[in-house]
Amino acid sequence: MATKPIIGFSAGTEVMSKPAGGSPSCPPGLEYLTQLDQLIVHQQLELMEVITGFDFKNRYQIKNSLGQQVYFAYEESSFCCRCWCQSHREFSMTVTDNSGLEVIKMHRPWKYCSSAASCCCADAADCCSDEITVESPPGQVVAKIRHAGSKWLPHLEVKDATDQVVFHIWGPSCCLCQTICCTEDLDFKVYSKDGETEVGNIAKQWAGAVRECFTKVSHFGIQFPIDLDVKMKAALVGATMLIEYLYIESQNGQQQQRLMNKMMRLRVVTLEMIMNPLPTMQCNSM
């Protein structure tokens, strides 16, 4: 099992203690999930991304409900993919525990028309269906999350290692954006394979006015039954990452670009007023 240098720690970071024991069927490092029914995913702020406008590799702290770090996830992708494909890029995501042990590996391949998130043919053609594969331990596939396609609502399918559908995830019917006037969570509800019984939720949470308006930073909350198979809990973490890139980051990027364009136009107008001031009116005295 590969062990990486411990990353993701900052001064004062509180970590969750590793549970003792564990089932033989539990992949190494997923023992933490046996005690949890909720995870909080906080994307790290990349200052150079804010300054330059270029996409940097995403990094995430994954915490329990007490705010203790459970895992740390970091993206591996090429500069060209981030520059040209942006949120629709191919990437690998490595998830480590607090000792640096690689616990989960995710891979999202590039798809020909994945930029059309609502593509109506995505449920019929593999070339259009965005997906992410989850491995735990790395090298052993435990789940695959696939964009199932829908004309109206975001829809994902979560499949196990045998390619059987375990969960359906349906996104909100409203616009997938949050603003200062609309700070409510965007809920992606998790249903059992029958599509009717709600068993969990993935919520895109409001990260604050400054972060939402000027950055692409995202915060998520994941809820699931405490007795759910740890492999399926890991699968829901993978589903969160696909939701982040497929739906949320693309929306945040568009909002940020619109804001930057407005600021640029304001600067141009201000500069023109400075360079070409309006003529002053003079009054002739009688």
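A polar contact here is a pair of N or O atoms within 3.5 Å, where, within protein, one atom must be able to donate a hydrogen and the other to accept it. With that in hand, the side chain of serine 218 makes a polar contact with the side chain of glutamate 244, at 2.9 Å. The model is a predicted one, and the rest of this section works outward from its overall fold to individual residues.

Taken as a whole, the protein chain has 4 helices and 12 strands. It runs to 286 residues, 47% of which count as buried. Its accessible surface is about 14,900 Å², and carbon and sulfur atoms hold 58% of that. As for how the chain folds back on itself, take the contacts with a separation of 6 or more: 50% of them are between residues 24 or more positions apart.

The strands form a closed barrel of 12, in the order 1-2-3-4-5-6-7-8-9-10-11-12, with antiparallel pairing. From one strand to the next the twist averages 20 degrees. Strands of a sheet pair through backbone hydrogen bonds, either parallel or antiparallel. Where does the barrel close? Strand 1 (residues 38–43) is joined to strand 12 by 5 bridges, and the two run antiparallel. Along this seam, histidine 42 stands opposite histidine 219 of strand 12. On to the next pair: strand 1 and strand 2 are antiparallel too, over 4 bridges, with glutamine 43 facing tyrosine 60 of strand 2. Strand 2 (residues 59–63) then picks up strand 3 (residues 69–76) through 5 bridges, again antiparallel. In that pair, isoleucine 62 sits opposite tyrosine 71 of strand 3.

Tyrosine 71 turns up again in the packing. The largest nonpolar core has 50 residues, and Leu30, Tyr71, Met106, Ile169, Ile202 and Ile243 touch the most other members. Helix 4 gives the most to this core, with 14 residues. Methionine 106 is a good place to look at the contacts in detail. Setting aside residues up to four places away in sequence, methionine 106 touches Phe91, Ser92, Met93, Val95, Ile132, Thr133, Val134, Val237, Gly238 and Met241.

Helix 4 spans residues 230–275 and includes threonine 240. Threonine 240 has a relative accessible area of 1%, so it counts as buried, the cut-off being under 20%. Beyond residues up to four places away in sequence, threonine 240 touches Ile202, Phe220 and Ile222. Ile202 is also one of the residues listed for touching the most other members of the largest nonpolar core.

Back to serine 218, which belongs to the loop between helix 3 (209–214) and strand 12 (219–223). Is this loop residue buried or exposed? Serine 218 is buried, with a relative accessible area of 0%. Its C-alpha atom is 7.4 Å from that of glutamine 205, which is 13 residues away along the chain.

Another polar side chain that is covered up is glutamate 75, in strand 3. Glutamate 75 counts as buried because its relative accessibility is 2%. Which side chain does glutamate 75 meet in a polar contact? The partner is tyrosine 245, at 2.7 Å. Among the other residues that glutamate 75 touches, leaving out those up to four places away in sequence, are Phe56, Lys57, Asn58, Arg82 and Arg89.

Arginine 82 picks up the story from the other side. This residue is in helix 2 (residues 79–85), and arginine 82 is buried, with a relative accessible area of 9%. Not counting residues up to four places away in sequence, arginine 82 touches Asp55, Phe56, Lys57, Glu75, Ser77 and Arg89. Lysine 57 lies 25 residues from arginine 82 along the chain, yet their C-alpha atoms are separated by 8.0 Å.

Two loops have backbone details to note. Serine 136 and proline 137 are joined by a cis peptide bond, with omega about -5 degrees. Proline 137 is in the loop between strand 6 (131–135) and strand 7 (141–147). Aspartate 163 has phi near 70 degrees, a positive value in a residue other than glycine. This aspartate is in the loop between strand 8 (155–160) and strand 9 (165–170). At 46% relative accessibility, aspartate 163 counts as partly exposed.

How values were computed
Residues are numbered from 1 along each chain as its sequence is written. This is a predicted model: local features need pLDDT of at least 70, side-chain atom pairs count only at pLDDT 80 or more; totals for chains, interfaces and linings use all residues. Side-chain values use heavy atoms; hydrogens and water are left out. Buried means under 20% relative accessible area, exposed over 50%, partly exposed in between (1.4 Å probe, protein chains only). Contact means heavy atoms within 4.5 Å. Accessible areas come from the Shrake-Rupley method with a 1.4 Å probe; for residues, only the protein chains shown count as cover. Two strands pair if DSSP finds at least two bridges between them. Axes are lines fitted to C-alpha atoms, for helices over the stretch in contact, and angles run from 0 to 180 degrees between N-to-C directions. A nonpolar core is a set of buried Ala, Val, Leu, Ile, Met, Phe, Trp, Tyr and Cys residues joined through side-chain atoms within 4.5 Å.
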